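Here is a set of questions and answers about how certain labels are earned. Each answer sets a value beside its cut-off and then concludes.

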Amino acid sequence: MSVNVRRFSATARSAGRLAATGFQTQLAGWFSAVPALRLALIGLIMLCAFGAQPGSAAEPFEAFLTKHCLRCHGPQKVERDLRIDQLSRDFQSGGDSHLWAEIVERINAGEMPPEDEPQPTEDEIAAAVGQLDAHIRAGRAARMAARPPVAHYRLSRREYQNTVYDLLGVRYDPARPGELNADTLWHGFERIGSQLSLSPSHVERYYRAAEKVLARAFPSTPVETVKVRKSAADIRYGGGKLQQAWLDRFGIRRPLRALIFPGRMQQALRPHWFGAAGQNASGLYRARMQVSGIRPTGGQIPHLRIGKQLTEEANEGLIELDVLASEDEPEIIEFEVFLEMPTSLDFNVIATDIIDRQKGGHYRNALASPLYVFTHTSETRLLNPTAPKMFDAQGNGLFSSVLLDWIEWEGPIVSEAELATREGLLPPEDATPAVIADYLRRFAERAWRRPVAPPELSYYLRAYEEERAAGENVFAAYQVALLGVLTSRHFTYLVEGDTELRERLTDWELASRLSYFLWSSMPDQQLAAAAREGRLTGGGLATEVDRMLSDDKIIRFIEDFPRQWLQLHRLGMFPPDARLYPEYDAWLETSMHEEVVQYFGEVFRENLPIDAFLSSDWTMANPRLCEFYGLPLPGTETAAADGQQLRSAAGGFQRVALRPGDHRGGLLTMGAILGLTSDGTRHRPVHRGVWISEAIFCRTPPPPPANVDPIEPNPPDSPRATIRQKLAAHAANANCAACHRSIDPLGFAFDQFDAIGQWRTHERVEKGTGDDPPVNPSGILPDGRKFADAAEFKQLLLDDRDRFLEAFVEHLCTYGLRRVLTVDDRDAIRAIVSEAKQQKYQLKDIVRAVALSDLMQRR
């Protein structure tokens, strides 16, 4: 028999042992029920044995292990590097408690011992399991007491960004090069306290960040909002006087337009447009532009990218949008973007079905002539006769292009709400030391998210006094004190506990835990007031949680949790080979990522059952994804403004109905999930199986044995073979077979999707003889149930949705508690699961149950 990794352990000591344990029985527990008689007997024994003392050789579980376990995991034979006879029997220390809990779980599920070993009786099982469970429970109090009295959880970069915005109304991007260090990930989660250390380089960058934030919050000179408008004549034709003369000569009354096509950059923003004072003013900028598109027959929807130029033909995707309007009915697009000034932005049209780079350069150079004039596809008389052909005889575009009429920029913009966060933070110029201390205390209480005692501020007030003695004015000296508050550990860390050990959180600690769980930021004034008045632990918790779930800031949870839970950081880690997948581009990748977030948001807002994560008859898609998936384009209705179409550059995502023939529905068949489990050249069934095990079942398979040979490419003189056929030979290795039997079927279910998530019936094999072989998406689960394809596999998952629910709750709690769960959290997890089942598995209600749970209120 063998034990497997469940993500409940946080100890480094156990990591190596857990990684080496077998996985062949791990998932069977998710697909098989525990016999009712066994549960009844276990419950009876647990009641009798709850107060049992640490084990000895005479106890029932030791006899059970000797008879049924040590043959494979003892001194004579050590499968998967696990010696059960060497596991600690000191349950109070908790060193191996998580492994004992796994053994109990496997025995309960009937997975241990394996079928080919002598089987124990129900009485033997009940006695052994009951006693082991009693020992684990009895040691819980001792393990809790062994935890440090104070826990520190450093804010992630995203949380730091949100916190300084909510505290001071300042926009700051910590992910920019040279800003805060990247966060260490643990299975996709970027907020696990044990992973977020603090190095000297962190400290230095926190100081620089705090200085930048304060400079933006309290600039030495007022920053004015500037509005500039540039027409196509300004941007493309240098004012357009010469070109206008051509229009007049031909009697054309249409205005000049900038024709933006693949391979050519066009100005979108230049810092000097804002004058000497405004070109260095970083902040939020609002843009409006009037655009339309030219789409060739059967070609791609024109896609416009706005960003900093990276190469002669490419720029970064700061703003991405599909242009759906025709040239006769242009639309006005609005968007807001944070800009670190001075900066220059360019337009670029992205297409994957057009000319290569060399020809793109040819077009770019030929069409750069100042004599090249464009107004409308019907006015071909104005085209430069020496330029390459852009339109056919009927005026139809040959390439996806965008027409720009004008663009308008306004910024930097500071809203009234942002200004309100800074109100009353600066003391008057004639403030006495006592007034300064009072102002600093009030600011520190907001920043540190708790009451602050006067002695805690003595260091910062002394720094203020030293600055004043050196000749600085009140404002400059006070900023030094503010800088100290923002670089204190009480700001950059969530601090829970004090010198006296306690199990429960205080109201202030609970307020921070809730706000960083649901808002990824500090408590607002209303939540802080509830903490100050003791209402969170005094019966008012549900009221505050319901308010928080309805607040606009819940969008941060909607964006952050699925990104971390589903490990979306892996999408694009191995860029698809452009030769094999020419249809893949940066906009498609961005759209895939956003589909997951938009889908999660729709399930959350509508409070749908989490069944929708496994299977559904709808998805969220924009035109690019509809084109990729082969779905009908979503509607393009937009609000009217000044008689013209107006829409936001938000990606154009809408809810789209799916048919069975679309082969989509739920998370598992989204392009992002299928892509992040591939390597850029081919799909990876094992990687997909491991991802499903971790994300859907909350189970981490062990790594492969050392020196396992990789799957080799298909030899040119051999028949073309699928990856599955090659894995069959690979899995025949005795060291690999056990794990592959449990992992591979989970990935085989999606073999009809290639490395970028496209549907297929045959697997493309570059080398070898014969035709490309057909794919085989069938499989057998560990409990013996069979499936023919992804649709049937998803139905099996739905049949076991209680197990998915428990895993989903574990992921939520890991995210909310900022730590790896342990065996001591299991009862609390099951209590949340029970509440969620009563709420019909609905997503928002599950999140609410976690927020209100006893687990969230404990240290």
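Q: What makes a charge count as sitting over a ring?
A: The NZ atom of Lys or the CZ atom of Arg has to be within 6 Å of the ring centre and within 35 degrees of the ring normal. Please keep in mind that this is a predicted model.

Q: Which ring does the charged end of Arg442 sit over?
A: That of Tyr439. The charged end of Arg442 is 4.5 Å from the centre of the Tyr439 ring, and the cut-off for the distance is 6 Å.

Q: Where does Lys553 lie with respect to Trp519?
A: Lys553 lies over the face of Trp519, and the distance to the ring centre is 4.1 Å.

Q: Why is the pair of Tyr599 and Trp618 called stacked?
A: A search of the whole structure finds 27 aromatic pairs. In the one formed by Tyr599 and Trp618, the planes are 25 degrees apart and the centres 4.4 Å apart. Centres within 6.5 Å make a pair, and planes under 30 degrees apart make it stacked, so both conditions are met here. This pair links distant parts of the chain: Tyr599 belongs to helix α23 (residues 586-605) and Trp618 to strand β12 (residues 618-621), with their positions 19 residues apart in the count. Tyr599 and Trp618 are both buried.

Q: Which residues do ring pairs link into a cluster?
A: Phe517, Phe557, Phe561, Trp565, Phe600, Phe604, Phe613, Phe804, Phe808 and Tyr815 are joined in this way. Phe517 is also one of the buried residues of α19.

Q: How do you know that the span of helix α19 agrees with what is expected?
A: Helix α19 (residues 507-518) has twelve residues, and at 1.5 Å a residue they should span 16 Å. The expected span is 1.5 Å times one less than the number of residues. The end C-alpha atoms of α19 are 16 Å apart, so the two values agree.

Q: What makes α19 largely enclosed by the rest of the structure?
A: Twelve of its twelve residues are buried, and therefore α19 is described as largely enclosed. Among them are Trp508, Leu510, Arg513 and Tyr516.

Q: Why is Asp507 called buried?
A: Its relative accessible area is 11%, and buried means under 20%, so Asp507 falls within the class. Asp507 lies in helix α19. Between the C-alpha atoms of Asp507 and Arg450 there are 9.3 Å in space, while in sequence the two are 57 residues apart.

Q: What is the sign of phi in Ser520, which follows α19?
A: The phi of Ser520 is positive, near 50 degrees. Most residues other than glycine have a negative phi.

Q: Why are α19 and α33 called roughly antiparallel?
A: The axes of α19 and helix α33 (residues 843-852) cross at roughly 160 degrees and come within 11 Å. Angles over 145 degrees count as roughly antiparallel, so α19 and α33 are given that label. The crossing of α19 past α33 is right-handed.

Q: What makes α15 roughly parallel to α17?
A: Helix α15 (residues 433-448) and helix α17 (residues 474-486) have axes that cross at roughly 30 degrees and come within 10 Å. The cut-off for roughly parallel is under 35 degrees, so α15 and α17 qualify. Here, too, the crossing is right-handed.

Q: How do you know that the bond between Met341 and Pro342 is cis?
A: Omega is about 0 degrees for the peptide bond that joins Met341 and Pro342. Pro342 is in the loop between β8 (331-339) and β9 (345-350). The bond from Gly411 to Pro412 is cis as well, with omega near -5 degrees, and Pro412 is in strand β10 (residues 401-413).

Q: Why does His663 count as partly exposed?
A: Its relative accessibility is 28%; since partly exposed runs between 20% and 50%, His663 belongs there. His663 has a positive phi, near 60 degrees.

Q: Why is Cys698 called buried?
A: Its relative accessible area is 2%, and the cut-off is under 20%, so Cys698 is buried. Cys698 lies in the loop between α27 (685-695) and α28 (723-731), and its phi is near 60 degrees. Phe697, found in that loop, counts as buried at 3%.

Key:
Residues numbered from 1 in each chain as written. Predicted model: local features only at pLDDT ≥ 70, side-chain atom pairs only at ≥ 80, totals over all residues. Heavy atoms only, no water. Helix = DSSP H or I, 4+ residues; strand = E, 2+ residues; numbered from the N terminus. Buried < 20%, exposed > 50% of the residue type's maximum accessible area, 1.4 Å probe, protein only. Phe/Tyr/Trp six-rings, centres within 6.5 Å; stacked < 30°, edge-to-face > 60°. Axes fitted to C-alpha atoms, helices over the stretch in contact; angles between N-to-C directions. Parallel < 35°, antiparallel > 145°, perpendicular 65-115°, else oblique. Left-handed = near helix turned anticlockwise from the far one by under 90°.
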